[in-house]
Amino acid sequence: NPSPVLALRYVADSLSMPAGFLARRAHDGDQDLALRHDQRSLYLLERVAEASPLSGRVLRDVAATLLNLAELLLQRQQPGDADKAVAHCHRALEIFRRLLAAEPASAQALRDVSVAEARLADSLVTRAFKGDAEQALEHYQESLALNKRLLAANPDSAQALRDVSVSHFKLFQFHWQLGDSQAAEATLAQCFAMVDSFAQQGRPMDSQLRGLHEQLKALFPRP
């Protein structure tokens with residue numbers, strides 16, 4: 001028979017799977033049901049983490065579930081949801097930073113921090129309290145810096161290149177929404193320069209990156 005802690009883990013995992021399905025299906029009522037599944041999963045994972053405080057895998061699952069909850073709250077957009085999403089992302093980022101400090105050479109741990117930085121920035125932009133835009137910019141920039149570190153460590157990784165491209169695009173959207181067209185264009189130009197360099201060198205690019213490259217080529221024609 002499984003131990004009580006292992007049984008809790010099984011139940012938490014069984015709740016997270018339908019939550020993901022419901023979020024993707026997006027029928028009427030699915031978001032609220034997905035939220036309830038993820039909230040219950042988070043509660044159980046936190047109990048498992050209390051019993052196994054040194055388990056990096058459990059802590060990573062707690063943080064990932066917090067990010068899932070934040071995303072669902074931002075999609076639902078009920079009063080107070082953005083504030084809750086910001087709080088969840090702060091907690092997730094704190095956990096991921098602790099895990100990275102424990103394994104500083106881990107590419108996965110570094111990517112987890114980068115994802116959490118970007119999700120927190122997204123939440124701050126949506127909440128739009130005084131000072132949130134400035135904080136969001138810092139988190140977007142930190143996410144980009146981390147993704148650049150990952151790409152420098154693995155220059156042939158299409159995933160790492162995609163992550164840097166996404167970071168650039170998020171910064172482009174951020175500047176554009178604030179009406180700073182000059183900063184928006186500069187960010188997009190940096191993204192194109194990097195992706196174009198990969199294309200010119202014949203380095204690995206998936207279909208999404210090739211499509212992005214073709215779109216940006218039309219905006220930034222070569223002399």
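Colleague: Is the crossing of α5 and α7 left-handed or right-handed?

Modeller: The crossing of α5 and α7 is left-handed, a term for a near helix turned anticlockwise from the far one by less than a right angle, a clockwise turn being right-handed. This is a predicted model in which local features need pLDDT of at least 70 and side-chain atom pairs count only at pLDDT 80 or more, while totals for chains, interfaces and linings use all residues. Residues are numbered from 1 along each chain as its sequence is written, and side-chain values use heavy atoms, with hydrogens and water left out.

Colleague: What makes α5 roughly parallel to α7?

Modeller: The axes of these two helices come within 12 Å and cross at roughly 15°, where axes are lines fitted to C-alpha atoms over the stretch in contact and angles run from 0 to 180 degrees between N-to-C directions. Angles under 35 degrees count as roughly parallel, over 145 as roughly antiparallel, 65 to 115 as roughly perpendicular and the rest as oblique, so α5 is roughly parallel to α7.

Colleague: Which residues of α5 and α7 meet?

Modeller: Arg111, Ala118, Asp122 and Val125 of α5 meet Gln159, Asp163, Lys170, Phe174 and Gln177 of α7, contact being heavy atoms within 4.5 Å. These residues divide into three nonpolar, two polar and four charged (nonpolar: Ala, Val, Leu, Ile, Met, Phe, Trp, Tyr, Cys and Pro; charged: Asp, Glu, Lys and Arg; polar: the others, Gly among them).

Colleague: Why are α7 and α9 called oblique to each other?

Modeller: Their axes come within 10 Å and cross at roughly 45°, an angle that belongs to none of the other three classes, and α7 and α9 are therefore oblique. This crossing is left-handed as well, and in it Ala158, Leu161, Arg162 and Ser165 of α7 meet Gln208, Leu209 and Leu212 of α9. The residues of this contact divide into four nonpolar, two polar and one charged.

Colleague: How do you know that Ser167 counts as buried?

Modeller: Ser167, which lies in helix α7, has 6% relative accessibility and therefore counts as buried, the cut-offs being under 20% relative accessible area for buried, over 50% for exposed and partly exposed in between, with a 1.4 Å probe and protein chains only. Leaving out residues up to four places away in sequence, Ser167 touches Ser143, Leu144 and Asn147.

Colleague: Why is Gln190 called partly exposed?

Modeller: Gln190 is in helix α8, and its relative accessible area of 43% falls between the two limits, so the residue is partly exposed. Its C-alpha atom is separated by 9.2 Å from that of Ser165, 25 residues apart along the chain.

Colleague: Which residues have the most contacts inside the largest nonpolar core?

Modeller: They are Val62, Ile95, Phe96, Leu151 and Leu161, in a core of 58 residues; such a core is a set of buried Ala, Val, Leu, Ile, Met, Phe, Trp, Tyr and Cys residues joined through side-chain atoms within 4.5 Å. Helices α2 to α9 each supply at least two of its residues, and α3 gives the most, with eleven. Beyond its neighbours within four places in sequence, Phe96 is in contact with Arg60, Ala63, Ala64, Leu67, Asp112, Val113 and Ala116.

Colleague: How many helices and strands does the protein chain have?

Modeller: The chain has nine helices and zero strands, both being DSSP runs numbered from the N terminus (helices H or I, at least four residues; strands E, at least two). Of its 223 residues, 43% count as buried.
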